[in-house]
Structure formats: structure tokens, C-alpha cells
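Work through these exercises with the model open beside you. Try each task before you read its solution.

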Amino acid sequence: MTGKLIVLEGVEGAGKTTQLKQLHQWLEDLPQVQHLRHLGEMADIVITREPGGTNLGQALRTLLLDGSASHQVNDRAELLMYAADRAQHVDEVMRPVLARGGWVLCDRFVDSTVAYQGYGRGLDLSLIERLNRIATNGLTSDLTLWLRLDAEVGLDRSQKRGPLDRMETADAQFHQRVQQGFEALADAHPRRIAVVDAAQPVDQVAQQIQALVLDRLTLWYGHRL
Ligand code: T5A
């Protein structure tokens, strides 16, 4: 029995954290999930995030996002730090959950590196693809939910919530390129990446996500439901 990896992606303030919590609660209460557990077909559901899903990752997250820090982070160093966070996260958290038949709900994964470091910073996309393969050791998501939202609207939401971090304070063009990166990824991988309209109110975004996950549940577990 192997579990499933569901990833939420999107620009700053797209609502990933909000939706991950709702999705987790909804799945825990879902009769189909309880039935699968009763059959021994599904284990626990774990929420995690990148960067920062491990102790090492938490330290890297602080180095990457602390806007007030005295250190500089150049673009290649940034890329390698996200990759290091991912390599640790995959081995320490994700693979063990998946190996016992659990589900991993992850806030950001490889597509964020393509969108931010590739499209945003302009680093070589084929190099990023290779680095992602090294960091994940071949692990891919079973479903990626792309919360599509204008970068400006997302940044506005983040700003209202509190002070912006080092990535959020990058200029508007950077965030536009990141948005274009996610669009290009969704076009290139229509089976893996499902598009969610994240401009809707929270509950309506949650309903879109639930419908997409229900479809996949049926596809993945079929007659056992
Ligand atoms: N990064 C990450 C890279 O550059 N490369 C990589 O490889 C990886 C993995 C991570 C940063 O690192 C970068 C990307 C990021 O810049 P982070 O803090 O995890 O930093 O950043 P985000 O993932 O963007 O987290 P945020 O908390 O900023 O955004 P979320 O999680 O998308 O949004 P959320 O749920 O916290 O909501 C933001 C605000 O909007 C409100 C919420 O209440 C909250 O106040 N909101 C809504 N408002 C109106 N309508 C809705 N539907 C709403 N949904 C939420």
C-alpha cells in the first residue's frame, strides 16, 4: 500500500495554507476515507510545507525568508537552499508517510522552484528540472492543485495580514513572472495540475478543491469505496 501526495501551489497569498487546513479536516470527516481506513487501505493524513517541513528546513526557511537579516542570498544560493530543504523533507517526512499508506498534503513543492527560481529569477529551467529530480529522488505528486490568483491580489492579501517576507518584497514584475510560470506549468501538465479559481471566497474555493479530490479518490480507490 502506498499513499498519495497532494500539493497546493500558487502565488503569495493565494490561500494555500487556509485551504490545506480545510481540506485536511474535510478528508478526516469524509465517510469514504473512514471506510478506506477500516479496510486498511489508507493511513494517516499529514499536512506539511516547503520550505520548513523539517528541523533543517525550518532553519533554511528562516535564512530564506527573513527580510530583516543582514545576510544576502544570491539567486543560485537561493535555488540550492530550496533544493536542500526538499531533499531533507522528502526523506524525513514525505516518503515515510507515503510508505505506510498515508496521505501527504503539502504547501508547495517542485513547481514553486520552477515558477520562482526559474521564471521569477530567470535561472535555467533544465538545470532546475535536474535539481528537482535530485532533491525528490523521483517523488512526484499524485495531484497538484494550482490556486490561480492574480499576483497583485495575492500580495495585497499578504500585506493586509502583516509584514512581508524577503520573497514577498521582490518587485511586482518578479511576481508576474512567477504567475506566468505557474500558468506555463499548468498548460504543460494538465493531468497532474488541476486549476482552482482562488479569487472566490474561501468556502467556494474549498468546494472546488473537494470536488477535484473526490474525483481522484474514485479514480485511485475505485471499487474499494
Ligand atoms: N519558494 C518556495 C520558492 O521561491 N521556491 C520554492 O521552491 C519554494 C518551495 C514560502 C516562500 O518561498 C518561496 C515562495 C514563497 O515566497 P510562505 O510563507 O510559505 O513562503 O509563502 P506562501 O506559501 O505564499 O504563504 P502565504 O501564507 O503567504 O500564502 P498562502 O498560504 O497561499 O495564503 P493564506 O492561506 O495564508 O492566506 C493569505 C491571506 O489571505 C486570506 C487569509 O485569511 C490570509 O489573511 N485569504 C483569503 N482572502 C480572501 N479570499 C480568499 N479566498 C482567501 N483565502 C485566504
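**Exercise 1.** In this predicted model, which residues does Leu60 touch, not counting residues up to four places away in sequence? Is Leu60 buried or exposed?

*Solution.*
1. Find Leu60 in helix H3.
2. Skip residues up to four places away in sequence; Leu60 then touches Met81, Ala84 and Asp85.
3. Check the accessibility. Buried means under 20% relative accessible area. Leu60 has 12% relative accessibility, so Leu60 counts as buried.
4. Now try a pair along the chain. Leu60 and Glu41 are 19 residues apart, and their C-alpha atoms are separated by 35 Å.

**Exercise 2.** How do the axes of H3 and H4 cross, and which residues make the contact?

*Solution.*
1. Locate H3 at residues 55–65 and H4 at residues 75–99.
2. Take the axes. They come within 9 Å and cross at roughly 160°.
3. Apply the cut-off: angles over 145 degrees count as roughly antiparallel. H3 and H4 are therefore roughly antiparallel to each other.
4. Add the handedness: H3 passes H4 in a left-handed crossing.
5. List the contact. H3 supplies Leu56, Gly57, Leu60, Leu63, Leu64 and Leu65. H4 supplies Glu78, Met81, Tyr82, Ala84, Asp85 and Gln88.
6. Sort these residues: eight are nonpolar, two polar and two charged.

**Exercise 3.** Describe the surroundings of Thr144. With which side chain does its side chain make a polar contact?

*Solution.*
1. Place Thr144 in strand S4, residues 143–148.
2. Read its relative accessible area. The value is 1%, so Thr144 is buried.
3. Look for the polar contact. The side chain of Thr144 makes one with the side chain of Ser141, at 2.6 Å.
4. Set aside neighbours within four places in sequence. Thr144 is then in contact with Val7, Glu9, Asp111, Arg192, Ile193 and Ala194.

**Exercise 4.** Inspect the backbone in three loops. Which two residues does a cis peptide bond join? What are the phi values of Arg108 and Asn137?

*Solution.*
1. Start with the cis bond. It joins Glu50 and Pro51, with omega about -10°. Pro51 lies in the loop between strand S2 (45–49) and H3.
2. Go to the loop between strand S3 (103–107) and helix H5 (110–120), where Arg108 is found. Phi of Arg108 is near 80°, a positive value in a residue other than glycine.
3. Move to Asn137, in the loop between helix H6 (125–136) and S4. Its phi is near 55°, a positive value, and Asn137 is not glycine either.
4. Set the accessibilities side by side. Arg108 is buried at 12% relative accessible area, whereas Asn137 is exposed at 58%.

Definitions and conventions:
Residues are numbered from 1 along each chain as its sequence is written. This is a predicted model: local features need pLDDT of at least 70, side-chain atom pairs count only at pLDDT 80 or more; totals for chains, interfaces and linings use all residues. Side-chain values use heavy atoms; hydrogens and water are left out. Axes are lines fitted to C-alpha atoms, for helices over the stretch in contact, and angles run from 0 to 180 degrees between N-to-C directions. Helices (H or I, at least four residues) and strands (E, at least two) are DSSP runs, numbered from the N terminus. Angles under 35 degrees count as roughly parallel, over 145 as roughly antiparallel, 65 to 115 as roughly perpendicular and the rest as oblique. A crossing is left-handed if the near helix is turned anticlockwise from the far one by less than a right angle, and right-handed if clockwise. Contact means heavy atoms within 4.5 Å. Ala, Val, Leu, Ile, Met, Phe, Trp, Tyr, Cys and Pro count as nonpolar, Asp, Glu, Lys and Arg as charged, and the others, Gly among them, as polar. Buried means under 20% relative accessible area, exposed over 50%, partly exposed in between (1.4 Å probe, protein chains only). A polar contact is a pair of N or O atoms within 3.5 Å; within protein, one must be able to donate a hydrogen and the other to accept it, and residues adjacent in sequence count only if both atoms are side-chain atoms.
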